[in-house]
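User: I have just opened this structure and would like a friendly tour. Could you take my questions one at a time?

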Amino acid sequence: MTPVILLAAEKESAEVTDWAARIGWVVGLALFVALVYWLMREGWKWRGTLQSDLPELLTVPEDPGPVKLSMTGRYHGSTTAGQWLDRIVAHGLGTRSRVELTLTDAGLDVVRPGAADFFVPAAALREARLDKGIAGKVLTEGGLLVVTWAHGDKLIDSGFRSDHAAEHDEWVDVINSMIETTTREGAER
């Protein structure tokens, strides 16, 4: 016999795939992923329930005054002040979105397409700073504009990133000078 015939005679066919077992594994994995997603969603809703004591967000007044600064960028969420991992989800504050920020004498107007807009009165502003992170988002040092504000009896940090990061320094300076002016005027009264 020639070597070619011997090779052909020794070849075996490939094993038949066990489709039932493979389909079972795929369905099991899909159910596991769905369960994890459902648990995450329930946790998010539970966090919102725990934070239900937070008052409703304010809306922009009729005449907010002339625009001091404006920017477009991303809203990365809000946390309890000083605790960058304690995300606040009540009233949609945990929803990331595009953002249009406008600073006027009346305060900070936060317009979020696809999410709830809110307004922070100038008297509620406490601090503006550059930071590197807020719940779920970490950037390079100074890559995030964080505005601390009072809402009800809670201090909140909200994180923003401008489309043009060079604007952040100006925002920090103007907001902090507004806070100093508001504090000084309040002390004189």
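**Getting to know the chain**

Analyst: Happy to help. Please keep in mind that this is a predicted model. Let us begin with the aromatic rings, where the count comes to three aromatic pairs.

User: Let me start with one of those pairs. Is the pair of Tyr75 and Phe160 stacked, tilted or edge-to-face?

Analyst: The ring centres of Tyr75 and Phe160 are 5.6 Å apart, with 55 degrees between the planes. Planes under 30 degrees apart count as stacked and those over 60 as edge-to-face, with the rest called tilted. With its 55 degrees, the pair of Tyr75 and Phe160 is tilted.

User: How many residues apart in sequence are Tyr75 and Phe160?

Analyst: This pair links distant parts of the chain. Tyr75 sits in strand β1 and Phe160 in strand β10. In sequence they are 85 residues apart.

User: Are Tyr75 and Phe160 buried or exposed?

Analyst: A residue is called buried when its relative accessible area is under 20%. Tyr75 has 0%, and Phe160 has 1%. Therefore Tyr75 is buried, and Phe160 likewise counts as buried.

User: And the rings of Phe118 and Trp149: is that pair stacked, tilted or edge-to-face?

Analyst: Phe118 lies in strand β5 and Trp149 in strand β9, so their pair ties together parts that are 31 residues apart in sequence. Phe118 and Trp149 are both buried. Their ring centres are 5.6 Å apart and their planes stand at 20 degrees, so the pair is stacked.

User: Which residues form one aromatic cluster?

Analyst: We have already met the members as two pairs. One is Tyr75 with Phe160, and another is Phe118 with Trp149. The one aromatic cluster is formed by Tyr75, Phe118, Trp149 and Phe160.

User: Which residue lies over the face of Tyr75?

Analyst: For an arginine, its CZ atom has to be within 6 Å of the ring centre and within 35 degrees of the ring normal. At Tyr75, the distance from the ring centre is 4.5 Å. The residue lying over this face is Arg112.

User: Which residues does Ser97 touch, leaving aside those up to four places away in sequence?

Analyst: Ser97 lies in strand β3. It is buried, with a relative accessible area of 6%. Leaving aside residues up to four places away in sequence, Ser97 touches Gly73, Arg74, Tyr75, Arg112, Pro113 and Ala115.

User: Let us step back to the core. Which element gives the largest share of the largest nonpolar core?

Analyst: The largest nonpolar core has 29 residues, and those with the most contacts inside it are Phe160 and Trp171. Elements that give two or more residues to this core include β1 (67-80), β10 (154-162) and α3 (168-188). The largest share, five residues, comes from α3.

User: How is the chain put together: what pattern does it follow along the sequence?

Analyst: The chain has three helices and 10 strands. Among contacts between residues at least 6 apart in sequence, 62% join residues at least 24 apart. Read along the sequence, the pattern is α-α-β-β-β-β-β-β-β-β-β-β-α.

User: Now for charges. Why are Lys45 and Glu42 separated by about one helical turn?

Analyst: The side chains of Lys45 and Glu42 meet in a salt bridge, 3.3 Å from N to O. Lys45 is partly exposed at 43% relative accessibility, and Glu42 is partly exposed at 28%. The two are about one helical turn apart because they are three residues apart in helix α2 (residues 19-50).

User: Where do Asp163 and Arg98, another salt-bridge pair, lie in the chain?

Analyst: Their side chains meet at 2.9 Å, N to O. Asp163 is partly exposed, with 41% relative accessibility, and Arg98 is partly exposed, with 37%. The pair links distant parts of the chain, 65 residues apart: Asp163 in the loop between β10 and α3, and Arg98 in strand β3.

User: Last one: which residues do salt bridges that share partners join into one network?

Analyst: A search of the whole structure finds six salt bridges. In one of them, Glu127 pairs with Arg129, the closest N and O atoms being 3.6 Å apart. Salt bridges that share partners make one network of Glu127, Arg129, Asp131 and Asp157.

Methods: Residues numbered from 1 in each chain as written. Predicted model: local features only at pLDDT ≥ 70, side-chain atom pairs only at ≥ 80, totals over all residues. Heavy atoms only, no water. Core = buried A, V, L, I, M, F, W, Y, C linked by side-chain atoms within 4.5 Å. Buried < 20%, exposed > 50% of the residue type's maximum accessible area, 1.4 Å probe, protein only. Helix = DSSP H or I, 4+ residues; strand = E, 2+ residues; numbered from the N terminus. Phe/Tyr/Trp six-rings, centres within 6.5 Å; stacked < 30°, edge-to-face > 60°. Contact = heavy atoms within 4.5 Å. Salt bridge = Lys/Arg side-chain N within 4 Å of Asp/Glu carboxyl O.
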